[in-house]
Amino acid sequence: LGKSKGADWMKKALALLNGYTYESGQPPTAGEKAVLSLLQGVMFACSGEPENARTALAAVIEWKSELESDSHNSWVLPHAQYELAVVEIRERKYEQAKTFLDTATNWPTTDFHFSDALAYRCKGAAEQLNKMMANDRTN
């Protein structure tokens, strides 16, 4: 999407996310910060900005200890791992992608929101990763 009209739309959405303010007078929770970072990471990735995507998604992982005990936002962690895998697949960094994908796929709990959807997405990403790795070996 780097130079497409879709990338322009993503950049506008990213500008909205970057201007997001939390409820007045209340400091943001780790969950709120993590969800915002996840969304920013996805938008950066879709806008063709892998380094910014990595930075935003890595921020989610930094809040791991706070998020693991937050039943409303624990889903953000495995989703960030999945999105990091997608970034690395696009960049053809297969070993890093496999590590992130394995972490997301083998997340210790499956009682988080969207776990079935994430499992489906991980399966598809793993299939794509395997095809790309095989194709690169033959070229």
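1. Helices in this note are DSSP runs of H or I with at least four residues, numbered from the N terminus. On that basis Arg92 is assigned to the loop between α5 and α6. The model under review is predicted. In this predicted model, phi of Arg92 is near 60 degrees, a positive value in a residue other than glycine. Arg92 comes just after α5. Its relative accessible area of 44% lies between the limits of 20% and 50%, so Arg92 is classed as partly exposed.

2. As to overall composition, the protein contains seven helices and zero strands. Read from the N terminus, the order of elements is α-α-α-α-α-α-α. The protein has 139 residues, of which 41% count as buried. The exposed surface comes to about 8,400 Å², and carbon and sulfur atoms supply 54% of that area. Among contacts with a separation of 6 or more, 60% are between residues 24 or more positions apart.

3. Helix α2 covers residues 30-46. From first C-alpha to last, its 17 residues reach 24 Å, close to the 24 Å expected at 1.5 Å a residue. The helix is mostly covered, with 12 of its 17 residues buried. The buried set includes Ala30, Gly31 and Ala34, as well as Leu36, Leu38, Met43 and Phe44. Gly48 follows α2 and has a positive phi, near 80 degrees.

4. Gln40 deserves separate mention within α2. Is this residue, Gln40, buried or exposed? Its relative accessible area is 14%, which is under the 20% limit, and Gln40 is therefore buried. Setting aside residues up to four places away in sequence, Gln40 touches Leu14, Leu17, Asn18 and Ala56.

5. Thr55 belongs to helix α3, which comprises residues 50-62. Because its relative accessible area of 55% is over 50%, Thr55 counts as exposed. Thr55 and Leu84 are 29 residues apart along the chain, and their C-alpha atoms are separated by 9.8 Å.

6. Helix α5 consists of residues 76-90. What span should its 15 residues have at 1.5 Å a residue, and what is the distance between the end C-alpha atoms? The expected span uses one less than the number of residues and is therefore 21 Å; the end C-alpha atoms are 21 Å apart, in agreement. Of the 15 residues in α5, 14 are buried, and the helix is mostly covered.

7. The packing of α5 on α7 may be considered next. Two packed helices are described by the angle between their axes and the distance between the axes. Helix α7 runs over residues 115-138. The axes of α5 and α7 come within 11 Å and cross at roughly 20 degrees. Because that angle is under 35 degrees, α5 is roughly parallel to α7. The crossing of α5 past α7 is left-handed. On the α5 side the contact is made by Pro78, His79, Tyr82, Glu83 and Ile89; on the α7 side it is made by Leu118, Arg121, Cys122, Ala125, Leu129 and Met132.

8. The packing of α6 on α7 can be described in the corresponding terms. Helix α6 comprises residues 94-105. Its axis and that of α7 come within 10 Å and cross at roughly 160 degrees. Because the angle is over 145 degrees, α6 is roughly antiparallel to α7. The crossing of α6 and α7 is left-handed. In α6 the residues involved are Tyr94, Glu95, Ala97, Lys98, Leu101, Ala104 and Thr105. They meet Leu118, Cys122, Ala125, Ala126, Leu129, Met132, Met133 and Asp136 of α7.

9. Cys122 lies in helix α7 and appears in the contact lists for both α5 and α6. Why is Cys122 counted as buried? Its relative accessibility is 2%, which is under the 20% limit, so Cys122 meets the criterion. Leaving aside neighbours within four places in sequence, Cys122 is in contact with Tyr82, Leu101, Ala104 and Thr105. Of these, Tyr82 is an α5 residue, whereas Leu101, Ala104 and Thr105 are in α6. Cys122 and Ala104 are 18 residues apart along the chain, with their C-alpha atoms separated by 7.4 Å.

Note on methods:
Residues numbered from 1 in each chain as written. Predicted model: local features only at pLDDT ≥ 70, side-chain atom pairs only at ≥ 80, totals over all residues. Heavy atoms only, no water. Helix = DSSP H or I, 4+ residues; strand = E, 2+ residues; numbered from the N terminus. Buried < 20%, exposed > 50% of the residue type's maximum accessible area, 1.4 Å probe, protein only. Contact = heavy atoms within 4.5 Å. Areas by Shrake-Rupley, 256 points an atom, 1.4 Å probe, with all protein chains shown as cover. Axes fitted to C-alpha atoms, helices over the stretch in contact; angles between N-to-C directions. Parallel < 35°, antiparallel > 145°, perpendicular 65-115°, else oblique. Left-handed = near helix turned anticlockwise from the far one by under 90°.
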